[in-house]
Amino acid sequence: MSGLSSVSPFTLSARAQSLKPSATVAVTSRALELKRQGLDVISMSVGEPDFDTPPHIKAAAIQAIESGKTKYTAVNGIPELREAISAKFSRENGLSYAPAEVTVTSGGKQALFNAFFALLNPGDEVLIPAPYWVSYPEMITLAGGVTVAVPTTAASGFQLDPEEVAARITPRTRMIVLNSPGNPTGAVFPPQTLQAVAELAQRHGLVIVTDEMYEHLVYGAEQVSIGTFAPDHTLTINGASKAYAMTGWRIGYAGGPKAVIAAMNALQSQSTSNASSVSQYAALAALEQHEATARFIEEARQAYRARRDRIVAGLGALGLPTPMPQGAFYVMADTTRIHEDELEAARRILDEAQVAVVPGTDFAAPGQVRLSYATDMATIEEVLRRLGTLL
């Protein structure tokens with residue numbers, strides 16, 4: 001019909017346009033294209049355990065399905081799971097969160113998303129040690145906040161200096177986000193560092209959001225929850241994905257002040273509502289049958305440790321300096337020998353060695369790439385062989 005506009009009404013919101021396209025998308029797309037061409041591409045980019053979910057957890061999910069526990073649950077999770085999480089916080093972390101101070105989410109990412117939207121106002125500054133997980137700054141931006149990076153160095157093993165945190169506190173600072181053990185660096189912050197950061201938060205009236213998703217995957221380091229030093233200032237985020245090999249089950253959780261948890265629940269009630277009912281019963285088994293779960297975690301941890309030692313030594317021998325991580329299942333390798341730009345280095349590794357890695361661009365880690373060693377030792381040996389041929 002004449003006179004009608006041909007211009008699309010689907011103009012993206014300023015919020016959607018504020019999201020930066022991932023620098024890893026091009027590499028990921030290229031990896032998929034090479035696989036479609038029949039090339040044997042090895043992915044060292046996936047951040048999930050290669051172990052299967054333990055049998056006792058899967059059995060609980062099957063039982064939940066067969067007994068009809070497939071309906072909506074309370075938005076914040078079934079009471080039994082929140083009670084088990086409360087007990088877990090006390091037993092494993094020395095944290096005191098009542099069930100009413102616990103919420104269950106569809107993965108740890110939703111817990112973080114809810115927290116940022118519940119706590120940040122436009123212009124609030126959030127301090128994050130860098131390199132950092134790619135989703136933190138994007139979620140903070142969506143919530144109206146401003147990310148302020150606190151640099152760490154490969155020479156220190158990416159350890160956080162509390163003085164660097166203190167130097168970046170301004171009247172607009174609202175929050176500190178910590179991730180220890182960390183993605184992408186594998187750094188584990190020692191108790192004295194956490195205590196110093198907790199004291200800064202208490203002195204300046206700041207919120208601490210601590211992401212402890214990798215808490216059980218530590219190798220000789222001491223893992224401590226910062227909430228033990230500043231309980232009134234801390235929101236603790238965790239989940240079932242990494243330690244229990246339950247990435248696809250999508251169960252995260254948070255413990256914190258009751259008013260904050262209530263606000264997070266209200267947000268969730270208007271977005272996703274409850275996490276999967278079946279997944280909740282699976283997570284309940286992981287927490288209640290904690291001795292069986294602990295045996296699984298220890299077996300996985302020993303395997304990760306051996307893989308970590310091999311890949312760090314192998315990359316170093318190839319002239320790609322790689323700090324020894326103390327936790328998680330990632331390494332950050334200096335790839336300036338391949339190319340000074342990490343995106344170009346990742347592209348060359350993919351095209352010439354058929355190995356997919358994650359460039360450090362979105363981690364705020366120039367000149368470095370991240371490799372996940374959540375894979376078997378034979379694959380690690382093949383990756384090292386291919387990189388040796390490339391070099």
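At 70% relative accessibility, A317 counts as exposed, since the cut-off for that label is over 50%. This is a predicted model, and A317 makes a handy place to start walking through it. The residue sits in helix 11. Look across from there to L384: the two are 67 residues apart along the chain, yet their C-alpha atoms are separated by 9.7 Å. Unlike exposed A317, L384 is buried, and it belongs to helix 13.

So let's follow L384 into helix 13. This helix has 14 residues and spans 20 Å from first C-alpha to last, close to the 20 Å expected at 1.5 Å a residue. Its buried residues are T379, I380, V383, L384, R386, L387 and L390. They take up an arc of only 165 degrees around the axis, which means they lie on the same side of helix 13. The background here is familiar: an α-helix has 3.6 residues a turn, so residues three or four places apart point the same way. Turn to the face directed away from the buried side and you find the exposed residues A378 and T389. At the N-terminal end, D376 acts as the cap of helix 13, with a side-chain oxygen 3.2 Å from the backbone nitrogen of A378.

What do the buried residues of helix 13 pack against? Their partners are strand 1 (42–43), helix 11, helix 12, strand 10 and strand 12. Several of these elements turn up again in the largest nonpolar core, which has 40 residues. The elements giving two or more residues to this core are helix 2 (25–36), helix 11 (290–317), strand 9 (330–334), helix 12 (342–353), strand 10 (355–356), strand 12 (368–372) and helix 13 (377–390). Within the core, M44, I311, L315 and L371 touch the most other members. As a general backdrop, nonpolar side chains in soluble globular proteins tend to be buried together.

L371 is worth a closer look. Leaving aside neighbours within four places in sequence, L371 is in contact with M44, I311, L315, F329, Y330, V331, A333, V357 and V383. One of these, V383, is among the buried residues of helix 13. Another, Y330, has S372 in strand 12 as its bridge partner.

That bridge brings us to the sheet. Three strands form an open sheet in the order 9-12-11, with antiparallel pairing. Strand 9 and strand 11 (358–359) are at the edges with a single partner strand each, so one side of each has no neighbour in the sheet. Strand 9 and strand 12 run antiparallel and are joined by five bridges.

Now for some places elsewhere in the chain. Apart from the 40-residue core lies another, of 30 residues, with I78, A275, L284 and L287 among them. Helix 10 (residues 277–288) holds V278, which counts as buried at 17% relative accessibility. Not counting residues up to four places away in sequence, V278 touches A61, I65, K69 and T70. K58 is 220 residues from V278 in sequence, but 9.9 Å from it in space, C-alpha to C-alpha.

Finally, is T247 buried or exposed? With a relative accessible area of 18%, T247 is buried, even though it lies in a loop, the one between strand 7 (234–239) and strand 8 (252–255). Beyond residues up to four places away in sequence, T247 touches E48, P49 and S241. With E48 there is also a side-chain to side-chain polar contact of 2.5 Å.

Notes:
Residues are numbered from 1 along each chain as its sequence is written. This is a predicted model: local features need pLDDT of at least 70, side-chain atom pairs count only at pLDDT 80 or more; totals for chains, interfaces and linings use all residues. Side-chain values use heavy atoms; hydrogens and water are left out. A nonpolar core is a set of buried Ala, Val, Leu, Ile, Met, Phe, Trp, Tyr and Cys residues joined through side-chain atoms within 4.5 Å. Buried means under 20% relative accessible area, exposed over 50%, partly exposed in between (1.4 Å probe, protein chains only). Helices (H or I, at least four residues) and strands (E, at least two) are DSSP runs, numbered from the N terminus. Contact means heavy atoms within 4.5 Å. The expected span of a helix is 1.5 Å times one less than its number of residues. The arc is that of the directions from the helix axis to the C-beta atoms. A polar contact is a pair of N or O atoms within 3.5 Å; within protein, one must be able to donate a hydrogen and the other to accept it, and residues adjacent in sequence count only if both atoms are side-chain atoms. Two strands pair if DSSP finds at least two bridges between them.
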